[in-house]
Amino acid sequence: VLPGLDGELPSREVPTDEGLHCCQRYRHVGRLQAASWRFRLSTISAVDIQELIDAKAIERVMVDYFDRIDALDPIGASQLFAEDATADLMTGKIYQSRDHIGRALGRILLQYRHTSHHISNHRSVIEGDTATAQTYIYAFHRFPDDSIWHLWARHVDKLARIGDGWQLTERILVPIDSTPEWDLIDDSWYRPHPGRRTHEDLHTELDAFRSGQ
C-alpha cells in the first residue's frame, strides 16, 4: 500500500464515448497534417533545395566577412573574395585582386581602435553558379582619440560558385548615412535606398488620395 492512499488503489478511469471520439478526431487531424507535409515536400524540387542551401551559404559569406573585419583580420576577410575580384570600399578607389583588397582593408582598419558591424536586411538572387546580393549594414567605429563614428550602408555584391563554395567577385560599399559627418567622405558617395521616391512624389500621392475620398 502506497502512503497517502489509505489502503486503496486508485481506480483506472474508463474513457467515455466522448473521450474516445475526441482522441479519434485528434488522430485524424494528425494524419491530415502529416499528409499535408508529405505533399508539400513532394512538390519541392532538388533545384529548390539547392537554392535554399546556396542562399544560406551566401548569407554565411556576409557574416564571415564581418567576423574577420571585427577581429582585425583583413587578410582573412579577403579570402572570401575571388582572386580576380574587384571592390569599392568607400575610399574613392577601386581595388582589383584579392591581395589588393586585403591590403586596402588593412589600411582602413588601422584608422580605428574598435569596430562592430551588424547585418540586418539581406537578399540574394541566385542564377546557377552566379548570384547577386544586397546586405544592409550598421557599423560602429571608435577612433584612437575615443571619438565615435556611425555608418549605415549596404553591400551590393556579385558572387560566383568557385570550388565547393561561394566567393565575392565584386563588392560595392554604398553609404546611406553617417554621423558625425566626416570630411574624408564625399557627399556624392551617399546614395538613398534603390527606387526611393522624393517627398514631393509622396505629397502628390497623398493629395490625390485625399481628393478621391
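What share of the contacts in the chain with a separation of 6 or more comes from residues 24 or more positions apart? In this predicted model, such residues account for 52% of those contacts. The chain itself has 213 residues, and buried residues make up 27% of them. About 15000 Å² of the chain is exposed, with carbon and sulfur atoms supplying 55% of that area.

The overall layout comes next. Five helices and six strands are found in the chain, and reading along the sequence gives the order α-α-α-β-β-α-β-β-β-β-α. A good place to start looking is the pair formed by β3 and β4. Strand β3 covers residues 114-127 and strand β4 covers residues 130-142, and the two run antiparallel to each other, paired over 12 bridges. Within this pairing, Val125 has Thr132 of β4 as its bridge partner. The two strands make a hairpin, with two residues between them. One residue to pick out in the turn is Gly128, whose phi is positive, at about 65 degrees.

Both strands of the hairpin also have a part in the largest pocket, as each gives two or more residues to its lining. The volume of this pocket is about 450 Å³. Its lining consists of 25 residues, and those lying nearest the centre are Leu89, Met90, Ile108, Tyr112 and Leu173. Besides β3 and β4, the elements that give two or more residues to the lining are α2 (46-70), α4 (98-109) and β5 (148-162). The largest share belongs to β5, which provides four residues. In terms of residue class, the lining is made up of 19 nonpolar and six polar residues, while charged residues are absent from it.

Helix α4, one of the elements that line the pocket, also holds Gly106. Is Gly106 buried or exposed? Its relative accessibility is 18%, and because residues under 20% are classed as buried, Gly106 counts as buried. Gly106 can also be placed relative to Ser78, which is 28 residues away along the chain. The C-alpha atoms of Gly106 and Ser78 are separated by 9.9 Å.

Taken together, the model can be followed from the hairpin of β3 and β4 to the largest pocket, where β3, β4, β5, α2 and α4 each give two or more lining residues, and on to Gly106 in helix α4.

Notes. Residues numbered from 1 in each chain as written. Predicted model: local features only at pLDDT ≥ 70, side-chain atom pairs only at ≥ 80, totals over all residues. Heavy atoms only, no water. Pairing = 2+ DSSP bridges. 1 Å grid on protein atoms, 1.4 Å probe; cavity = no way out; pocket = protein on both sides within 12 Å on 5 of 7 lines; lining within 4 Å. Points joined across faces, edges and corners; volume = space filled by probe spheres on them. Nonpolar A, V, L, I, M, F, W, Y, C, P; charged D, E, K, R; others polar. Buried < 20%, exposed > 50% of the residue type's maximum accessible area, 1.4 Å probe, protein only. Contact = heavy atoms within 4.5 Å. Areas by Shrake-Rupley, 256 points an atom, 1.4 Å probe, with all protein chains shown as cover.
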